[in-house]
Structures are given as structure tokens and as C-alpha cells.
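Welcome! Please take a moment to turn the model around on your screen, and then read on for a short tour.

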Amino acid sequence: MASWALAHLSRAAARFSVGATAPRAYQPKTLPCGRAPGRTLHVTGEILAGHNKWSKVRHIKGPKDAERSRVFSKLALSIRLAVKEGGPNPELNSNLANILEVCRSKHMPKSTIEAALKMEKTKDIYLLYEGRGPGGSSLLIEALSSSSSKCQSDIRQILNKNGGMMAEGARHSFDKKGVVVVGAEDREKKAVNLERALEMAIEAGAEDVKEAEDEEERNIFKFICDISSLHQVRKKLDSLGLCSVSCAPEFIPFSKVQLNDSDLEQAVHLIRALGNHEDVIHVYDNIE
């Protein structure tokens with residue numbers, strides 16, 4: 001699969017007349033695009049992210065029922081956060097509408113969704129913790145809690161027990177962007193390769209495109225754009241025949257760090273422990 005992606009990257013680079021070699025890690029290369037004067041498209045060195053060691057080990061799941069319950073728990077937190085920020089009506093809250101679409105695609109029970117929607121009056125607080133992980137990696141931990149002091153204490157304890165620590169400044173390792181995730185097949189069930197994804201990214205107004213794998217090891221593409229144009233980019237990609245899976249803001253690392261096997265194993269345990277906390281929505285890292 002790695003050779004497949006590299007071959008398509010080479011052809012795509014030739015198509016867009018790129019003279020330099022692609023950088024490793026997340027340091028975008030600017031590609032001149034003749035059909036769109038004044039616009040640039042970034043292709044990151046992370047297009048093989050779905051095939052590297054970190055991607056494989058971080059997606060190792062526990063028992064199926066337990067993993068299903070964990071996913072539903074995180075989606076419920078995302079619903080509560082979306083309701084807190086934009087209200088309970090999905091027709092007036094596009095972020096909530098997108099999350100509900102993901103919930104349905106994951107076959108989340110209707111009763112669980114409704115229960116999360118009804119928690120709009122709880123005094124939840126959005127929290128973003130900065131941390132350092134094994135090998136000098138940077139972590140951002142998103143959480144939603146009714147008790148910030150208890151949540152912070154818990155997160156600090158988990159970090160300290162697993163080779164990490166609370167650390168200011170980790171936020172500067174990330175940029176908040178809009179991310180549209182699409183499947184590797186279009187509506188006609190035809191495979192979408194990297195070259196075609198690059199062309200569609202240009203047409204849709206995305207500034208970056210990456211090839212990766214989801215938690216089920218299915219090939220996906222991530223189209224990255226400015227948050228203000230997130231929904232426009234998704235709408236355009238859908239109109240071009242792609243099947244969007246989700247659409248949401250995410251923290252994207254500016255650069256990535258490589259860890260040795262020992263630090264990598266410890267990082268897996270740390271991020272898993274953080275993710276298992278009932279208040280944690282998502283853990284972002286800059287591990288390659």
C-alpha cells in the first residue's frame with residue numbers, strides 16, 4: 001500500500017510541476033496550481049500516516065462491546081459540547097448536525113443521542129489541557145466537565161503516571177483547522193486515488209489533503225481548510241461526487257516527532273488512558 005501511495009504522489013507532483021522533493025513529517029509543501037492562479041495547495045509528508053507504526057498501534061482496540069461503548073461516550077460528549085456552543089436545534093447548528101450524522105453512521109442508539117441532547121442545561125465547561133508526552137511529544141486534551149478542578153487533577157495524575165506532564169506551550173505546536181473526512185470511494189463506488197483527491201481539493205478550495213486510515217483501517221482522505229470555509233469545502237466535495245464522512249474543527253500539528261520503540265509504547269498507554277477518562281473528548285498528538 002505504501003508503494004501505491006508513493007507512486008500516485010509522484011504522478012500528482014509531476015502533474016502539478018513540483019520541482020522539490022516532499023518533506024517528511026507535517027511540514028506542508030506549496031504546490032503551484034496552474035488552473036487556479038494565486039492559489040496554492042499543500043501536500044503534507046503525512047500522506048502515509050495510515051500506514052506507519054504509530055497509526056497502527058494507536059488504533060489497537062479492546063473488546064468490541066467496550067470499544068463501541070467508548071465511541072458512543074465520546075460522541076455524547078461531542079453532542080453536549082455542540083449544544084452548549086450553538087443550541088440544540090441541528091437546523092440552526094451545523095456543527096451539531098454534522099455530529100448527529102456521524103452518530104447515525106456509527107449506529108448510535110437513538111435513546112443515547114436524545115439523552116445527550118437533553119443535557120443542554122448541565123453546567124458543562126469546555127477545557128483544553130496542554131501536556132508533554134514521552135519523547136518530548138506534545139499533547140492537547142479536549143474535555144467537557146462539570147468540575148474543572150477534578151478533571152484537571154485527574155488529567156495531571158494520568159499524565160504523571162504514564163511518562164507525561166502538564167506543560168504550557170504545547171498549544172503552539174498545533175493549528176486549529178477545518179477537516180473534512182471523505183471515504184476512498186466516490187458515490188459511484190469508484191476508488192479515489194491521491195491524484196484525483198488533489199484535483200478535487202483545488203476545486204473545493206482546500207489548502208491541504210492527506211491520505212490516512214480510520215479506526216477500522218479503511219482508507220480515507222482528510223481535506224484541510226480554514227475553519228471559516230469548512231462547510232463550503234464539504235459542500236463542494238459532496239457536489240464533486242465524494243462521500244464525506246465527517247466535518248469538524250481539529251487541531252493539526254505544525255511538525256511531528258519520531259519516538260523510539262520504548263517511548264512509542266509508553267505514548268500508546270498514555271493516550272489510551274487519557275482517552276478512557278469520562279470527560280475527555282479527544283486527545284491530539286504530534287507523534288509521527
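Rings of Phe, Tyr and Trp (for Trp, its six-membered ring) count as a pair if their centres lie within 6.5 Å. By this rule, the count comes to one aromatic pair. Please keep in mind that you are looking at a predicted model.

**The aromatic pair**

A pair of aromatic rings is described by the distance of the centres and the angle of the planes. Here the partners are Phe 251 and Tyr 284, with ring centres 5.4 Å apart and ring planes at 75°. Planes over 60 degrees apart count as edge-to-face, so the pair of Phe 251 and Tyr 284 is edge-to-face.

Where along the chain do Phe 251 and Tyr 284 sit? Phe 251 belongs to strand E9 (residues 244-253) and Tyr 284 to strand E10 (residues 280-285), so that the pair links distant parts of the chain, 33 residues apart. Are these two residues buried or exposed? Phe 251 has a relative accessible area of 5% and is buried; Tyr 284, at 8%, is buried as well.

**A serine with many neighbours**

Tyr 284 also turns up among the contacts of Ser 138. You will find Ser 138 in strand E4 (residues 138-145), and with 1% relative accessibility it counts as buried. Leaving aside residues up to four places away in sequence, Ser 138 touches Gly 131, Arg 132, Ala 170, Ser 173, Phe 174, Tyr 284, Asp 285 and Asn 286. Look for Pro 253 too: Ser 138 and Pro 253 are 115 residues apart along the chain, while 8.9 Å separates their C-alpha atoms.

**The whole chain**

Now step back to the overall picture. The protein has nine helices and ten strands. Of its 288 residues, 46% count as buried. Among the contacts with a separation of 6 or more, 70% are between residues 24 or more positions apart.

**Two helix crossings**

How do helices H7 and H8 pack? Helix H7 (residues 194-204) and helix H8 (residues 230-239) lie with their axes 9 Å apart, at an angle of about 130°. That angle makes H7 oblique to H8. Their crossing is right-handed. From H7, the residues Met 200, Glu 203 and Ala 204 meet Val 233, Lys 236 and Leu 237 of H8. Sorted by class, this contact of H7 with H8 has four nonpolar, no polar and two charged residues.

Helix H3 (residues 64-86) and H5 have axes that come within 8 Å and cross at roughly 35°. This crossing, too, is right-handed. On the H3 side, the contact is made by Ala 76, Ile 79, Arg 80 and Val 83, and on the H5 side by Ile 113, Ala 116 and Leu 117. The residues of the contact of H3 with H5 divide into six nonpolar, no polar and one charged.

**Positive phi in the loops**

Which residues have a positive phi although they are not glycine? Two examples are His 107 and Lys 189, set out in the table.

| Residue | Phi | Loop | Relative accessible area |
|---|---|---|---|
| His 107 | about 60° | between helix H4 (94-105) and helix H5 (110-117) | 59% |
| Lys 189 | near 65° | between strand E6 (174-183) and H7 | 63% |

His 107 counts as exposed, and Lys 189 is exposed as well. You have met their neighbours before: the loop of His 107 leads to H5, and the loop of Lys 189 leads to H7.

Key: Residues numbered from 1 in each chain as written. Predicted model: local features only at pLDDT ≥ 70, side-chain atom pairs only at ≥ 80, totals over all residues. Heavy atoms only, no water. Axes fitted to C-alpha atoms, helices over the stretch in contact; angles between N-to-C directions. Helix = DSSP H or I, 4+ residues; strand = E, 2+ residues; numbered from the N terminus. Parallel < 35°, antiparallel > 145°, perpendicular 65-115°, else oblique. Left-handed = near helix turned anticlockwise from the far one by under 90°. Contact = heavy atoms within 4.5 Å. Nonpolar A, V, L, I, M, F, W, Y, C, P; charged D, E, K, R; others polar. Phe/Tyr/Trp six-rings, centres within 6.5 Å; stacked < 30°, edge-to-face > 60°. Buried < 20%, exposed > 50% of the residue type's maximum accessible area, 1.4 Å probe, protein only.
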